[in-house]
Amino acid sequence: MAGPERAQVWKLLGPPTDQIGSVNEPRTREEYGAKWNEKWIYCRPRSTQIDRVVLWNRYDFVGLFRIKVDGTAEPEPLPAG
């Protein structure tokens, strides 16, 4: 079963605060137990503290992760929409 498309995630979460890598980035990285080459970063409102991240591997959605205050991450489902 295919995951959500980029446009769908953008519509649900809005534009990211920052981004690392890109869909064409040849290098992959591993974080939160997932392999990715593009990371969308969302900060808490009026803050630079990261609230959640979305990981992509090329065009494939890898996951949405909530970043806790202590820096640990937990997988989170996409909001309904």
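This passage walks through a predicted model of a single protein chain, from its overall build to a few individual residues.

The tour starts with the fold as a whole. The protein chain has one helix and seven strands, and read from the N terminus these elements follow the order α-β-β-β-β-β-β-β. With a radius of gyration of 12 Å, close to the 12 Å that the globule rule gives for 81 residues, the chain is as compact as a globular protein of that length. Along its principal axes, the C-alpha trace spans about 30 × 30 × 20 Å. Of the 81 residues, 32% count as buried, while the surface that the chain exposes comes to about 5300 Å². Carbon and sulfur atoms supply 51% of that exposed surface. Contacts that reach along the sequence can also be described: among those between residues at least 6 apart, 32% join residues at least 24 apart.

Aromatic residues offer a good way into the interior. The structure holds four aromatic pairs. One of them is formed by Trp-40 and Trp-56, a tilted pair with 5.2 Å from centre to centre and 55 degrees between the planes. Trp-40 belongs to strand β4 and Trp-56 to strand β5, so this pair ties together parts that are 16 residues apart in sequence. Both partners are buried: Trp-40 has a relative accessible area of 2%, and the value for Trp-56 is 0%. The two tryptophans are also members of one aromatic cluster, together with Trp-10 and Phe-61. Trp-56 has a charged neighbour as well, for Arg-6 lies over the face of its ring, at 5.2 Å from the ring centre.

Glu-38 can be visited next. This residue sits in strand β4. Is Glu-38 buried or exposed? At 2% relative accessibility, which is under 20%, Glu-38 counts as buried. Its side chain makes a polar contact of 3.0 Å with the side chain of Gln-19, and a polar contact of 3.0 Å also joins it to the side chain of Trp-40, a member of the aromatic cluster. Leaving aside residues up to four places away in sequence, Glu-38 touches a set of residues that includes Arg-6, Gln-19, Ile-20 and Gly-21. Ser-22 and Val-23 are among the residues touched by Glu-38 too, as are Val-54, Leu-55 and Trp-56. Arg-6 and Trp-56, already met as a charge over a ring, are thus both in contact with Glu-38.

The loops bring a change of scene. Pro-45 is found between β4 (38-43) and β5 (50-57), and with a relative accessible area of 61% this proline is exposed. The C-alpha atoms of Pro-45 and Asn-24 are separated by 29 Å, and the two residues are 21 residues apart along the chain.

Two further loop residues stand out for their backbone angles. Tyr-32, in the loop between β2 (29-31) and β3 (34-36), has a phi near 55 degrees, a positive value in a residue other than glycine. Arg-58, in the loop between β5 and β6 (60-67), has a positive phi of about 60 degrees although it is not a glycine. How accessible are these residues? Tyr-32 is partly exposed, with a relative accessible area of 32%, and Arg-58 likewise counts as partly exposed, at 32% relative accessibility.

Definitions and conventions
Residues are numbered from 1 along each chain as its sequence is written. This is a predicted model: local features need pLDDT of at least 70, side-chain atom pairs count only at pLDDT 80 or more; totals for chains, interfaces and linings use all residues. Side-chain values use heavy atoms; hydrogens and water are left out. Helices (H or I, at least four residues) and strands (E, at least two) are DSSP runs, numbered from the N terminus. Buried means under 20% relative accessible area, exposed over 50%, partly exposed in between (1.4 Å probe, protein chains only). A polar contact is a pair of N or O atoms within 3.5 Å; within protein, one must be able to donate a hydrogen and the other to accept it, and residues adjacent in sequence count only if both atoms are side-chain atoms. Contact means heavy atoms within 4.5 Å. Rings of Phe, Tyr and Trp (its six-membered ring) pair if their centres lie within 6.5 Å; planes under 30 degrees apart count as stacked, over 60 as edge-to-face and the rest as tilted. A charge sits over a ring if NZ of Lys or CZ of Arg is within 6 Å of the ring centre and within 35 degrees of the ring normal. The radius of gyration is taken over C-alpha atoms; the globule rule is 2.2 Å times the number of residues to the power 0.38. Accessible areas come from the Shrake-Rupley method with a 1.4 Å probe; for residues, only the protein chains shown count as cover.
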